[in-house]
Amino acid sequence: MSNQAVKTWHLRDDHQSLVLASFDNRLPEAVYWGPALPAGENLETLAAASLMDVAPGMVDRNAGLSLCPEASETFPGQTGLAARNLAGDVLAPAFRFESEAVTEDGLTLVFADRDLELNLVFDLVLTPGTSLLKLQTRLESANEITVDWLAAPVLPVPAHTGEMIEFSGRWCSEFLTRRLPFSPGARMRDNRTGRTDHAHFPGLIVCNAATRNTSGEAYAFHYGWSGGHRMVAEELADGRRQVQFGHASASLPKGLHFDTAPLYATYAAAGLNGAAVRFQRHVRDHLVKGAKSPRPVHYNCWEAVYFKHDPEELKAIADRAAGLGAERFVLDDGWFGRRDDDTTSLGDWVIDRRKWPDGLTPLIDHVKSLGLQFGIWFEPEMVNEDSDLFRAHPEWVLGPIGQIRGRQQLVLDMSRQEVRDYLYDRIADVLANNDIGYIKWDHNRVLPVIDSRQAEGFYALVDRLREDFPHVEIESCSSGGGRIDFGVLERTHRVWLSDSNDALERQRIQHDAALFLPASVTGSHVGPRHCHTSGRTIDIRLRAWTAAQRHMGFEMDPRELTDAEADILREVTGWWKANRDWMMQADILRLDCPDPAIIAEQQLSQDGREFAVFVALARTSDQILPRPIRLTGLDPEARYAITLVNRDEAPRLSRGAPLLKSRDLEVSGQYLMSHGLTLPWRFPETIWVLKGEKI
Ligand code: DGJ
């Protein structure tokens with residue numbers, strides 16, 4: 001080794017260090033990624049010390065696990081690039097160092113294969129404040145080529161991390177987590193749906209068997225792209241492990257420039273929460289721009305009226321919603337074309353005069369007179385065959401006409417400028433002629449063709465609308481949570497996490513989504529008493545408090561509420577409004593609880609002075625009495641005043657006298673984090689809410 005020339009770079013903050021080394025001008029390798037190294041660490045020594053032995057049965061030098069592992073290096077695993085020239089010959093570049101540009105927070109490294117006339121550029125930033133690495137790879141070619149796979153900068157994960165947590169899901173059950181052993185060979189996820197999708201949230205957490213929410217190490221990743229991704233987590237025969245993320249394979253058109261989306265990555269020593277908080281803060285403080293403050297309570301009419309729009313009825317619903325505390329009224333699907341059901345009119349973004357003889361203005365004026373902002377639903381990228389748009393432009397459809405339909409609809413080819421212009425004109429017309437402050441932007445099917453230009457076209461259209469209508473907020477919806485990622489969150493303000501308004505399901509979904517999403521962008525609505533998607537009947541208290549854990553809203557017909565239910569909902573909404581200023585800026589900390597029937601979280605204010613704890617009992621516990629709930633992230637020396645906010649909900653069958661049932665208590669942070677809070681017994685499918693304040 002000692003004869004090899006080495007160049008090194010160090011991205012460092014108080015939480016983590018990423019050290020890169022290029023040997024003999026070859027592509028850089030992450031020779032260290034973990035807790036922050038002390039100042040003065042000798043990077044050349046680290047680089048030299050990272051070299052592994054060569055044993056019998058191996059090639060004579062270990063190929064670098066570089067930011068883009070190369071076939072030309074005889075890399076014994078998945079390479080970071082797979083490309084062909086237009087004749088179909090495989091390209092196997094051997095990149096060498098060309099230049100570097102170092103900034104305060106990051107660096108750009110350029111490598112080239114001069115024979116093949118290819119440049120590989122790595123943009124690497126360690127975001128100040130949030131400690132998220134933002135990593136991007138760009139490939140430039142002098143000649144048109146085809147790229148089947150291009151990974152964002154590839155990182156190794158260390159040998160002591162034995163497990164990975166990956167994400168799957170489905171409609172009404174987004175963000176399902178699975179813990180798998182890291183084992184020899186490649187675990188690959190190749191999302192062929194063309195959108196982020198319910199089943200493929202682009203995240204991965206590599207950790208140890210012992211890693212919990214509040215303790216243990218975690219290496220967490222998120223690929224910020226809305227067009228479908230590929231992930232490879234591979235253990236090589238020599239024991240090294242790599243994680244790759246990029247666009248779904250073979251989704252890039254041939255060309256001269258190829259960019260990955262940003263890969264966000266972080267090392268956290270303080271459990272899954274350590275990583276989760278960095279992602280949450282990054283979304284809240286860096287990605288989302290121009291969100292209305294304070295976050296308004298939503299009313300969405302979808303599960304109240306579906307396609308049956310009657311202006312007078314909707315006004316009556318708005319009256320009731322306003323009385324409950326709503327501050328934004330969203331008119332969902334059904335206002336345009338001749339949209340009486342989901343077989344028709346997508347693409348015809350013109351107000352349906354049969355339903356709205358005087359246009360939307362009378363409803364908007366009414367809603368505004370109640371003090372609410374008005375929002376409206378669009379599904380711009382889609383078209384029904386039964387529409388004027390399709391009849392005029394069947395050639396605008398993406399994919400073969402014989403394709404299987406999804407929700408009876410086809411997809412518009414968003415790579416076409418004329419398609420984007422048409423959609424811009426239609427949407428801009430509605431926005432310019434009506435007082436609208438909010439769009440719910442839906443996308444209700446997978447794509448028939450996997451092409452990155454579709455997501456790029458979507459981004460271009462949203463960006464143009466954002467530019468021209470900066471006061472309009474956008475919610476990303478895709479049959480619920482089918483398009484949630486940091487690419488879409490750079491352009492929108494809220495996500496419709498799931499079509500499940502079942503509070504029990506929602507508890508699980510929003511708890512797992514908090515591994516990446518802050519409360520301020522996560523829509524959560526109080527649904528109907530009898531849930532439309534699960535058939536369950538759920539008490540208003542659990543429904544209301546579950547919505548109050550995120551960006552709160554209502555989505556039932558408010559006229560179904562009894563007076564008692566309305567009083568509870570009004571009260572919880574009032575509590576949410578009184579606390580939203582700090583809660584929408586808070587960290588969501590998932591709590592570890594030995595009882596698997598419990599889903600518990602703590603929302604801790606930025607200054608650490610306030611917190612709320614939500615303890616949902618999703619089913620009957622195995623043991624008879626509740627186990628103490630241990631809190632996290634508090635100052636062990638400080639004292640905290642604790643209130644059981646909804647103590648009046650203790651049922652008569654709770655016969656004992658746990659202190660919180662009758663009065664507040666003052667204890668140290670140490671006690672709260674080590675012993676935990678003893679709560680009263682209660683029925684399953686209920687929730688305790690606690691408020692804490694530093695004294
Ligand atoms: C799917 C969304 O997820 C629902 O909330 C609703 O907006 C419907 N589409 C409308 O068609």
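This section describes the sheets, a helix pair, and the pockets and cavities of a predicted model.

Strands of a sheet pair through backbone hydrogen bonds, in either a parallel or an antiparallel manner. One open sheet in the model consists of six strands, arranged in the order β30-β31-β32-β35-β33-β34, and its pairing is antiparallel. The edges of this sheet are formed by β30 (587-590) and β34 (665-668), each of which pairs on one side only. From one strand to the next, the twist averages 25°. Within the sheet, strand β32 (residues 610-617) is paired with strand β35 (residues 686-694) in the antiparallel sense, and eight bridges connect the two. One position in this pairing can be followed residue by residue: V613 has L690 in β35 as its bridge partner. Helix α11 (residues 540-547) packs on the sheet, where it touches β32 and β35. The direction of α11 makes about 45° with that of β35.

A further open sheet has four strands in the order β10-β17-β16-β13, again with antiparallel pairing. Here the edge strands are β10 (155-156) and β13 (185-190), and each of them pairs on one side only. Strands β16 (residues 229-235) and β17 (residues 241-247) run antiparallel and are joined by seven bridges. In this pair, Q244 of β17 is the bridge partner of V232.

Attention now turns to helix packing. Two packed helices are described by the angle between their axes together with the distance between the axes. For helix α7 (residues 417-433) and helix α8 (residues 452-468), the angle is about 30° and the axes lie 10 Å apart. The crossing of α7 past α8 is right-handed. On the α7 side, the contact is made by R420, D421, L423, Y424, I427, A428 and L431, which meet G457, A460, L461, R464, L465 and D468 of α8. Sorted by class, the residues of this contact comprise eight nonpolar, one polar and four charged.

The open spaces of the model were examined next. The largest pocket has a volume of about 610 Å³. Its lining contains 30 residues, of which A30, V31, S50, M52 and R240 are the closest to the pocket centre. Strand β3 (residues 29-35) contributes seven residues, the largest share of the lining of this pocket. By class, the lining of the largest pocket divides into 17 nonpolar, seven polar and six charged residues.

The second largest pocket holds about 470 Å³ of space. It is lined by 21 residues, and those closest to its centre are N213, H511, D512, R590 and D592. Two or more residues of this lining are given by each of the elements β12 (173-181), α10 (503-513) and β31 (598-604). The lining of the second largest pocket is made up of nine nonpolar, four polar and eight charged residues.

Cavities were also sought. A search of the whole structure yields five cavities of 30 Å³ or more. The largest cavity has a volume of about 70 Å³. Its lining is formed by F23, R26, L27, E29, G64, S66, P69, E70 and E73. Three of these lining residues are nonpolar, two are polar and four are charged.

Notes: Residues numbered from 1 in each chain as written. Predicted model: local features only at pLDDT ≥ 70, side-chain atom pairs only at ≥ 80, totals over all residues. Heavy atoms only, no water. Axes fitted to C-alpha atoms, helices over the stretch in contact; angles between N-to-C directions. Left-handed = near helix turned anticlockwise from the far one by under 90°. Contact = heavy atoms within 4.5 Å. Nonpolar A, V, L, I, M, F, W, Y, C, P; charged D, E, K, R; others polar. 1 Å grid on protein atoms, 1.4 Å probe; cavity = no way out; pocket = protein on both sides within 12 Å on 5 of 7 lines; lining within 4 Å. Points joined across faces, edges and corners; volume = space filled by probe spheres on them. Pairing = 2+ DSSP bridges.
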